[in-house]
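Please write a short report on the structure below. Cover the metal site, the nonpolar cores, the domains and any unusual backbone geometry.

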Amino acid sequence: MTLRLHNTLSGTKEDFEPLEEGQVRMYTCGPTVWNYAHVGNLRAFLFYDLVRRHLRVAGYRVTHVMNLTDIDDRILDQAMHAGTTIAEYVAPYVAAFFEDMATLRAERAEHYPRATEHIPEMVDMIATLIENENAYIADGDVYFRIASFPAYGALSHLDRAGLKAGARVATDKYDKESVSDFALWKKPQPADEKLGAVWDAPFGRGRPGWHIECSAMSRRYLGDTLDIHAGGVDLTFPHHENEIAQSEAANHKQFARVWLHSEFLADATGEKMSKSAGGFTTLRDLVGAGHDPLAIRFFLIANAHYRSRMRLSSEALHAAAEQVRRLREFADRVNRTPPAATDDVELAQRIADVRAAYRAALDDDLNLPQGVGFVFDLIREANAALDAGRVGPLNKGSLQAMLDDVDAHVDVIRAQEPGLADEVERLIAEREDARRGRDFAKADRIRDDLRVRGIVLEDSKDGVRWRRVAPSG
Ligand code: AMP
Ligand code: ZN
């Protein structure tokens with residue numbers, strides 16, 4: 001099976017193949033920690049989680065980097081009003097970000113570099129760009145010269161005719177109408193010193209612009225060329241366009257081979273949720289209102305394809321909670337039901353077909369909503385088969401395996417599967433018995449079955465312990 005991903009660069013779905021066989025280098029734009037993440041941000045972050053989980057399901061090793069923007073115009077502004085340094089100001093929001101990600105069971109990236117801890121890498125890259133005449137100093141700031149990079153605009157399919165040669169923009173965010181040379185480095189403002197936001201550089205003291213951080217930190221951890229770069233669709237222009245210009249001008253290599261962009265989450269009125277606009281909902285708000293965090297997770301990844309817009313509403317959240325409940329209840333029922341004496345051949349075929357269709361949906365540009373739809377159809381049929389006592393031992397095993405396939409992405413079933421801990425403890429005891437009785441074949445079988453379900457056993461001096469990993473097999 002081939003994994004196909006929609007590449008913004010080409011505007012089409014392409015067969016995915018990393019540069020190095022079996023190994024994927026992925027960079028995803030992380031949070032600006034000037035406030036709590038809103039659920040729109042979380043949609044993007046859980047999209048990254050879906051990508052990384054499916055890459056692993058597809059057999060790749062993944063090195064995933066997600067940056068934390070801990071310096072930008074807004075953070076400086078807020079810290080000044082709060083009378084703190086930027087480091088003091090962002091600390092609680094950094095902690096809140098990691099808490100939110102854990103609450104939503106996002107897998108941890110391999111690296112979470114912070115902008116303020118990678119200033120030398122940025123200074124280095126800016127110095128190279130100045131040397132290559134891709135950047136120039138104007139009035140104490142350093143700007144990237146767009147005219148020096150003919151490919152500028154390729155990602156966002158920008159009409160270069162509209163570019164104003166020589167015009168400059170100092171703010172980090174701007175729209176296509178005002179596209180012009182953008183700031184790589186900004187001279188200090190009077191308050192910046194006290195905010196702890198000024199660094200030395202051969203081209204003058206100051207602080208980095210927003211865009212350079214991703215180019216510098218991705219190179220530091222992943223090298224010149226990324227297999228995948230992902231972000232929310234609003235980052236395509238100017239942020240990602242600027243990242244490409246900086247990186248390719250400095251490194252003379254293609255920056256990212258595949259660009260993935262996830263769509264907006266809209267609020268109940270249909271507007272893009274945004275912190276600057278004021279009307280935003282955080283995970284804390286929703287959990288405080290009684291929503292199960294894992295239903296929120298399920299809603300954000302499985303309600304709509306990542307390239308479709310979706311709207312946050314309490315009806316949609318309740319519908320997601322109901323789907324999660326059905327998945328867990330079905331998993332529990334399958335586990336509890338003693339198998340019939342014989343297997344149902346037709347059911348066996350249906351389960352095999354659905355597992356294949358689920359995998360094919362995910363391989364087709366991560367179409368999780370479609371894949372989950374197939375599974376719910378089968379759950380209805382399997383419930384009828386369970387009612388009729390037609391589910392044999394192999395049927396039961398493949399239903400469990402199917403749920404494991406789904407949980408490898410959604411991770412809401414076993415996370416709170418009723419009775420799981422008891423069942424695992426019982427199997428561990430059974431395995432110990434088998435070992436004492438020198439029935440090593442049986443002991444190994446129990447261990448292997450658990451491994452397939454994503455549970456590994458570890459022998460320690462306090463006895464056997466178990467922990468979860470991604471399911472295999
Ligand atoms: P920020 O913290 O503003 O740098 O944004 C972090 C991530 O959230 C970026 O990938 C944005 O594209 C994404 N994002 C921002 N607003 C929304 C939204 N309403 N829906 C989905 N993603 C969003
Ligand atoms: Zn970025």
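Ser 247 is in contact with Met 125, Ser 215, His 252 and Phe 255, leaving aside its neighbours within four places in sequence. The residue is found in helix 6. At a relative accessible area of 1%, Ser 247 is buried, because the cut-off for that label is under 20%. The model is a predicted one.

**Helix 6**

How many of the residues of helix 6 are buried? The count is 15 of 16, and the helix is mostly covered. Helix 6 spans residues 236-251. Pro 238 has its place in this helix. A cis peptide bond joins Phe 237 to Pro 238, with omega at about 0°. Just after the helix comes His 252, with a positive phi of about 55°. Both features deserve a second look, because most residues other than glycine have a negative phi and most peptide bonds are trans.

**The zinc site**

Which residues are the protein donors of the zinc ion (ligand 2)? They are Cys 29 through SG, Cys 214 through SG, His 239 through NE2 and Glu 243 through OE. These donors lie 2.0 to 2.4 Å from the ion. Along the chain, they follow the spacing C-x184-C-x24-H-x3-E. Cys 214 lies in helix 5 (residues 211-222) and Glu 243 in helix 6, so the pair ties together parts that are 29 residues apart in sequence.

The site of the zinc ion (ligand 2) is irregular, with angles of 74 to 131° among its four donor atoms. Why is it not called tetrahedral? That label requires all angles to lie between 85 and 135 degrees, and the range here starts at 74°. For reference, the ideal angle for four tetrahedral donors is 109.5 degrees.

Three of the donors can be described by their accessibility. Cys 29 is buried, at 4% relative accessibility. Cys 214 is buried too, with a relative accessible area of 0%. Glu 243 is also buried, with a relative accessible area of 0%. As for disulfides, the count comes to zero.

**Nonpolar cores**

The largest nonpolar core holds 132 residues. Leu 55, Tyr 152, Ile 228 and Phe 298 touch the most other members. Helix 1 (residues 39-57) gives the most to this core, with 10 residues. Domain 1 (19-266) and domain 2 (336-410) both give residues to the core, so it lies between them. In soluble globular proteins, nonpolar side chains tend to be buried together.

What does Ile 228 touch, not counting residues up to four places away in sequence? Its contacts are Leu 5, Phe 16, Val 24, Arg 25, Met 26, Tyr 27, Val 51, Leu 55, Val 258 and Leu 260.

Apart from the largest core lies another core, of eight residues. Val 424, Ile 428, Ile 455 and Leu 457 are among them.

**Domains and helix 13**

The domain assignment gives domain 1 (19-266), domain 2 (336-410) and domain 3 (420-468). The C-alpha centres of domain 1 and domain 3 lie 45 Å apart.

Glu 430 has its place in helix 13 (residues 420-436). With a relative accessible area of 28%, Glu 430 is partly exposed. Glu 430 touches Lys 442 and Ile 446, not counting residues up to four places away in sequence. Glu 430 and Ile 446 are 16 residues apart in sequence, and 8.3 Å apart in space, C-alpha to C-alpha.

**Positive phi in loops**

Two loop residues other than glycine have a positive phi. The table sets out their values.

| Residue | Phi | Loop | Relative accessibility |
|---|---|---|---|
| Arg 105 | near 55° | between helix 3 (86-103) and helix 4 (119-131) | 28%, partly exposed |
| Asp 139 | near 60° | between strand 5 (135-138) and strand 6 (141-144) | 64%, exposed |

Is Asp 139 buried or exposed? At 64% relative accessibility, Asp 139 counts as exposed, because that label applies over 50%. Arg 105, at 28%, counts as partly exposed.

Notes: Residues are numbered from 1 along each chain as its sequence is written. Chains are lettered from A and ligands numbered from 1 in the order in which they are written. This is a predicted model: local features need pLDDT of at least 70, side-chain atom pairs count only at pLDDT 80 or more; totals for chains, interfaces and linings use all residues. Side-chain values use heavy atoms; hydrogens and water are left out. A nonpolar core is a set of buried Ala, Val, Leu, Ile, Met, Phe, Trp, Tyr and Cys residues joined through side-chain atoms within 4.5 Å. Buried means under 20% relative accessible area, exposed over 50%, partly exposed in between (1.4 Å probe, protein chains only). Helices (H or I, at least four residues) and strands (E, at least two) are DSSP runs, numbered from the N terminus. Domain bounds come from an automatic or database domain assignment. Contact means heavy atoms within 4.5 Å. A disulfide is a pair of cysteine sulfur atoms within 2.5 Å. Donors are N, O and S atoms within 2.8 Å of the metal (3.2 Å for Na, K and Ca); water is not among the atoms, so sites may look incomplete. Four donors count as tetrahedral if all angles lie between 85 and 135 degrees; four count as square planar and six as octahedral if opposite donors are over 155 degrees apart and all others between 65 and 115; anything else is irregular.
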